[in-house]
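Q: Got a minute to walk through this one with me? I'd like to go residue by residue where it helps.

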Amino acid sequence: IDEVNGDADATALPTPIISLLRDARTHCRETMDEEISDRRLVKAARLLKLSAASHGRTSVDFIDTLLLRHVFWRQLDNRDSLAEFLWERCVPLTSVDVTRFESLVEGLRREVLSSVRNGGGMVVTTGSVAALRTEVATLVAVLKREWKGLLRHEELLGHAENHLWLNQNDAIAARQLLLPKAKIVTKGIEAVLERVMALEMAMEEDYDVVDDETRLSVVEGLWDD
């Protein structure tokens with residue numbers, strides 16, 4: 001127990017989990033007419049860290065947040081409302097996030113094309129394109145992090161019955177209800193990542209391999225149907 005407590009102290013509580021805790025608190029207040037005190041919120045966060053640490057993880061995952069359905073209500077009538085809220089929110093990303101990333105990547109591609117054309121096709125030396133190259137590289141890093149997080153989440157959902165703190169009914173429901181959703185989102189994020197990585201490759205600084213005219217035509221044709 002002492003070892004798990006010590007590990008929990010070093011367990012990360014990612015920003016999306018913090019947001020979920022905050023939103024769950026708001027839901028309890030506005031929908032269930034139950035106030036979650038600061039002290040209770042801190043205890044709930046600690047519970048999530050203990051759950052993750054007891055499984056040897058260094059970060060809380062969304063699967064741990066299902067435990068909140070047992071600690072964030074006082075009136076029995078509110079139990080179902082809280083459970084429904086958590087089942088809807090117990091995902092790292094949604095299809096809405098995928099669409100947002102798609103729009104962002106397409107916007108970057110259009111900016112790259114505009115900058116290259118305005119700069120006379122000088123992909124490597126144009127300052128505005130160099131700045132865009134940095135933006136693309138940053139987006140690649142963000143998408144890789146989200147993609148890896150989704151893969152970890154999928155793995156946990158696939159073995160939900162092994163979760164030490166979830167009852168079997170919740171574990172089975174997590175695998176059956178949440179895993180298909182997670183797979184769809186993971187596939188979507190992977191597709192966006194492939195697109196932005198293709199854009200990054202097309203913008204690489206390499207005079208010897210690709211001339212600017214060819215590079216421009218490649219950027220124009222990226223992922224066109």
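**Contacts and cores**

A: Sure. Leaving out residues up to four places away in sequence, Asp170 touches Arg69, His70 and Trp87. Keep in mind that this is a predicted model.

Q: Which helix is Asp170 in?

A: Asp170 is in helix α7, which covers residues 168-202.

Q: Buried or exposed, that Asp170?

A: Asp170 counts as buried, because its relative accessibility is 7% and the cut-off for buried is under 20%.

Q: And what does the side chain of Asp170 make a polar contact with?

A: With the side chain of His70, at 3.4 Å.

Q: OK, what about Thr186? What does it touch?

A: Thr186 lies in helix α7 too. Not counting residues up to four places away in sequence, Thr186 touches Trp147, Leu150, Leu151 and Glu154. Thr186 is also buried, since its relative accessibility comes to 4%.

Q: Switching to the largest nonpolar core: which residues touch the most other members?

A: That core has 35 residues, and the ones touching the most other members are Leu21, Leu66, Leu68, Phe72, Trp87, Leu157 and Ala174. Two or more residues each come from α2, α3, α4 (79-89) and α7.

Q: Is there another core apart from it, and how many residues does that one have?

A: Another core lies apart from it, with 25 residues, including Val112, Val129, Val185 and Ile189. As background, nonpolar side chains in soluble globular proteins tend to be buried together.

Q: Back to Leu21, what is it in contact with?

A: Setting aside neighbours within four places in sequence, Leu21 is in contact with Leu13, Leu41, Ala44, Ala45, Leu48, Leu68 and Phe72.

Q: Which residues are buried in α3?

A: Arg40, Leu41, Ala44, Ala45, Leu47, Leu48, Leu50, Ser51, Ala52 and Ala53. What covers them includes α1 (2-9) and α2 (15-30).

Q: How far apart are the end C-alpha atoms of α3, and what span should it have?

A: The end C-alpha atoms are 24 Å apart, and that agrees with the expected span: at 1.5 Å a residue, the 17 residues of α3 (38-54) should span 24 Å.

Q: What happens just after α3?

A: Gly56 takes a positive phi of about 80° there.

Q: Last topic, how many disulfides?

A: The count is zero. As for cysteines, Cys28 is buried because its relative accessible area is 0%, and Cys90 counts as buried because its relative accessibility is 0%.

Key:
Residues are numbered from 1 along each chain as its sequence is written. This is a predicted model: local features need pLDDT of at least 70, side-chain atom pairs count only at pLDDT 80 or more; totals for chains, interfaces and linings use all residues. Side-chain values use heavy atoms; hydrogens and water are left out. Helices (H or I, at least four residues) and strands (E, at least two) are DSSP runs, numbered from the N terminus. The expected span of a helix is 1.5 Å times one less than its number of residues. Buried means under 20% relative accessible area, exposed over 50%, partly exposed in between (1.4 Å probe, protein chains only). Contact means heavy atoms within 4.5 Å. A polar contact is a pair of N or O atoms within 3.5 Å; within protein, one must be able to donate a hydrogen and the other to accept it, and residues adjacent in sequence count only if both atoms are side-chain atoms. A disulfide is a pair of cysteine sulfur atoms within 2.5 Å. A nonpolar core is a set of buried Ala, Val, Leu, Ile, Met, Phe, Trp, Tyr and Cys residues joined through side-chain atoms within 4.5 Å.
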